[in-house]
Amino acid sequence: MAKKSDTLVQIRDLVVRFYTYEGIVKALSGINLEIQREETLGIVGETGCGKSVTAFSIIALPPPPGRIERGEVLLNTNGSTIDILKLPRERLQDIRGHKISMILQEPSAALNPLFTIGDQIAEVLIRHRSETFIKMALEELERDIEAAEKSGSSFRAWVYRTYAGIYRSLLKNRRSLKARAASRIPFLRRYRRKLDAVLRKEVVGLLREMRIANPEGVFDLYPHELSGGMQQRAVIAMALACRPKLLIADEPTTSLDVTVQAQILDLIRDLKEEFGSSVLYITHNLGVVAEICDRVAVMYAGQICEVAEVKELFKRPLHPYTRALFEAIPRPGRGFVSIKGTVPNLVNPPPGCRFHPRCPRATKICSQEAPKMVKAGRDHLVACYHYR
Ligand SMILES: Nc1ncnc2c1ncn2[C@@H]1O[C@H](COP(=O)(O)OP(=O)(O)OP(=O)(O)O)[C@@H](O)[C@H]1O
Ligand SMILES: [Mg+2]
C-alpha cells in the first residue's frame, strides 16, 4: 500500500467543456483527485459521468472538441513537480507513453494493422529510450570487433568499426546526418541489424512477461492474427515498455470474456508490483474494483462525490449515489434494482447537488447549493449534506 505522503499525480480543480451545437457540455466541473505512488486508484460511475474525459485530460488530450478550461495536473517525479497542462507540445510527447501510458477498452484501436506486434512495441522503445538501446548495440559491436580482430579478420573488424561509428554519431544526435546517409547505402544500411536484434530481444522479453505463449512467434504477427485477449496483452506490453510511473486503464477488460478478464487483471496487478507503477483503473464494475483497487473515487455527472479506501467504501458507502451503485449490483433472488432516473444532460446540469433529482434523501438545500467535499472518516471524503 502506498505511503500517504507520496503523491504522484495531483489533479486540481479540473474543468473540461465541450462546445457543441447542442450547447456547452460541462463534462468535468472542478475535479480534485490525488494518485499516490504505487497505488491502484479506481474511478467508478455510470456511463457519461466523465471518467474517460478525466483520464484523457491527465495527459492533456481531452477528446475533441473538448477544452480544458481550468485546473492543474501536477506530476511529481524525480523530486520535481510539473503541471502537465502547461507543458509545451514536445515535452508532452515525452510524458505520454513514457511517464504516463494508457490502455483502452478496444485493444485493436491502439494497434496499427499495418505493422507487426513486435515492430510496434520496438517503436515505443526507440522513441523513448533510444539511448539505452543504442548503447547496448554499441557494446555488442565492440565485442564483435574484438572477436573479429582476434580471429584475424581485419575486414570484418573494419566493417564493425564503421557501424560503431554510425551508432556513436546517433548517440550524439538522433537525427545524425551520417546515420541518415548510411540508411540509403545498401551495404551500410545493415548497421541497423544490431539495433534491431537488441530491440527484438527486449520486446520478446516483454511479451514473455505478459505471459504470451511463444513470444518469438508473436513478435512477427500482425494484430488481426491475435485474439482480443492477446491483443490487449500486446497493448499492455506497449504501455509498460517504458516502465511508466502511471498506467491509466480505461475499462481495459470490458471487451474480453470473463476468464481472460481475470487473467488481464492478474497481469496488471503483478506488473504494477514489479514495476512500481501507479494505476488509474476506470470501470463500471464494482467487482473489479474490489479485486484490484486500493482506493476508489466515485464520479457522478462530471464531479467526484466520494473517495475512500476500497474496504472502507464497501463497508461504509456514504453518498446516496454510491449506495445506489451498490444496490444496483445484481444479486440472486433479489431481482434487478436500478437507480431511478438517468444521468443528467451535462449541457444543463441540475443546480446544487447534481444527484438531487434522483436522490431519496434530497432536501431543499440540495437543490440550491452544491455540497462541499468533507472528511467523513480516515481517508474518506464525501460531498453530501445528508451522509450521516
Ligand atoms: N467528443 C465529445 N463531444 C461532446 N461531448 C462529449 C464528448 N466526449 C464526451 N462527451 C461528454 O462528456 C461527458 C463525459 O463523457 P465520458 O466519456 O468521460 O464518460 P464516461 O464516464 O467515460 O462514460 P463511459 O462509462 O460510457 O465510458 C458525457 O456527458 C459526454 O456526453
Ligand atoms: Mg469512458
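Leaving aside its neighbours within four places in sequence, with which residues is Val343 in contact? The legends below take up this and other features of the predicted model.

**Figure 1. Surroundings of Val343 in the predicted model.** Beyond the neighbours within four places in sequence, Val343 is in contact with Glu46, Gly48, Cys49 and Ala301. The residue belongs to the loop that runs between helix 13 (320–327) and helix 14 (364–368). Val343 counts as partly exposed, because 19 C-beta neighbours lie inside 10 Å. Ala237, by contrast with the contacts just listed, is 106 residues from Val343 in sequence and 35 Å from Val343 in space, C-alpha to C-alpha.

**Figure 2. The protein chain and its two assigned domains.** The protein chain holds 14 helices and 12 strands. Along the principal axes, its C-alpha atoms fill a box of roughly 90 × 45 × 45 Å. Of the 388 residues, 37% count as buried. Among contacts with a separation of 6 or more, 64% are between residues 24 or more positions apart. Domain 1 is made of three segments, 1–112 + 243–343 + 373–388, and domain 2 covers 117–215. The centres of domain 1 and domain 2, taken over C-alpha atoms, are separated by 39 Å. Where the domains touch, 5 residues of domain 1 are in contact with 5 residues of domain 2. The domain 1 side of this contact is made up of 2 nonpolar and 3 polar residues, with no charged ones.

**Figure 3. The residues around ligand 1.** The shell around ligand 1 has 15 residues, of which Ala27, Thr47, Lys51, Ser52 and Val53 come nearest. Two or more residues are given to this shell by each of strand 1 (7–20), strand 2 (23–36) and helix 1. Helix 1 supplies the largest share, 3 residues. Sorted by class, the shell has 7 nonpolar, 7 polar and 1 charged residues.

**Figure 4. An open sheet of 8 strands.** The strand order is 6-7-8-3-9-10-12-11, and the pairing is mixed. Strand 6 (100–103) and strand 11 (374–377) are the edge strands, each pairing on one side only. On average, and with direction ignored, neighbouring strands of this sheet are turned by 20° against each other. Within the sheet, strand 3 (residues 40–44) pairs with strand 9 (residues 295–300) in the parallel sense over 4 bridges. One bridge of this pair can be followed from Leu41, whose partner in strand 9 is Arg295.

**Figure 5. The hairpin of strand 11 and strand 12.** Strand 11 and strand 12 (residues 380–382) run antiparallel and are joined by 3 bridges. Gly377 has His380 of strand 12 as its bridge partner. The hairpin has 2 residues between the strands, and Asp379 takes a positive phi near 55° in this hairpin.

**Figure 6. Backbone geometry at Pro65, Asn78 and Glu251.** Most residues other than glycine have a negative phi, and most peptide bonds are trans. The peptide bond from Pro64 to Pro65 is cis, with omega near 0°. Pro65 is placed in the loop between helix 1 (51–58) and strand 4 (66–77). At the other end of strand 4, Asn78 is found in the loop that leads to strand 5 (80–83). Phi of Asn78 has a positive value, near 45°. Asn78 is exposed, because 6 other C-beta atoms lie within 10 Å of its own, and a residue with 12 or fewer is classed in this way. A positive phi near 45° is also found at Glu251, in the loop between strand 7 (246–250) and helix 10 (258–275). Glu251 has 19 C-beta neighbours inside 10 Å and therefore counts as partly exposed.

**Figure 7. Ala262 in helix 10.** How many residues apart in sequence are Ala262 and Glu274, and how far apart are they in space? Ala262 and Glu274 are 12 residues apart in sequence, and their C-alpha atoms are 18 Å apart in space. Ala262 is partly exposed, because 14 other C-beta atoms lie within 10 Å.

How values were computed:
Residues are numbered from 1 along each chain as its sequence is written. Chains are lettered from A and ligands numbered from 1 in the order in which they are written. This is a predicted model: local features need pLDDT of at least 70, side-chain atom pairs count only at pLDDT 80 or more; totals for chains, interfaces and linings use all residues. A residue is buried if 20 or more other C-beta atoms lie within 10 Å of its own, exposed if 12 or fewer, and partly exposed in between; C-beta atoms are placed from the backbone. Two strands pair if DSSP finds at least two bridges between them. Axes are lines fitted to C-alpha atoms, for helices over the stretch in contact, and angles run from 0 to 180 degrees between N-to-C directions. A residue is near a molecule or strand if its C-beta atom, placed from the backbone, lies within 6 Å of it. Ala, Val, Leu, Ile, Met, Phe, Trp, Tyr, Cys and Pro count as nonpolar, Asp, Glu, Lys and Arg as charged, and the others, Gly among them, as polar. Two residues are in contact if their C-beta atoms, placed from the backbone, lie within 7 Å. Domain bounds come from an automatic or database domain assignment.
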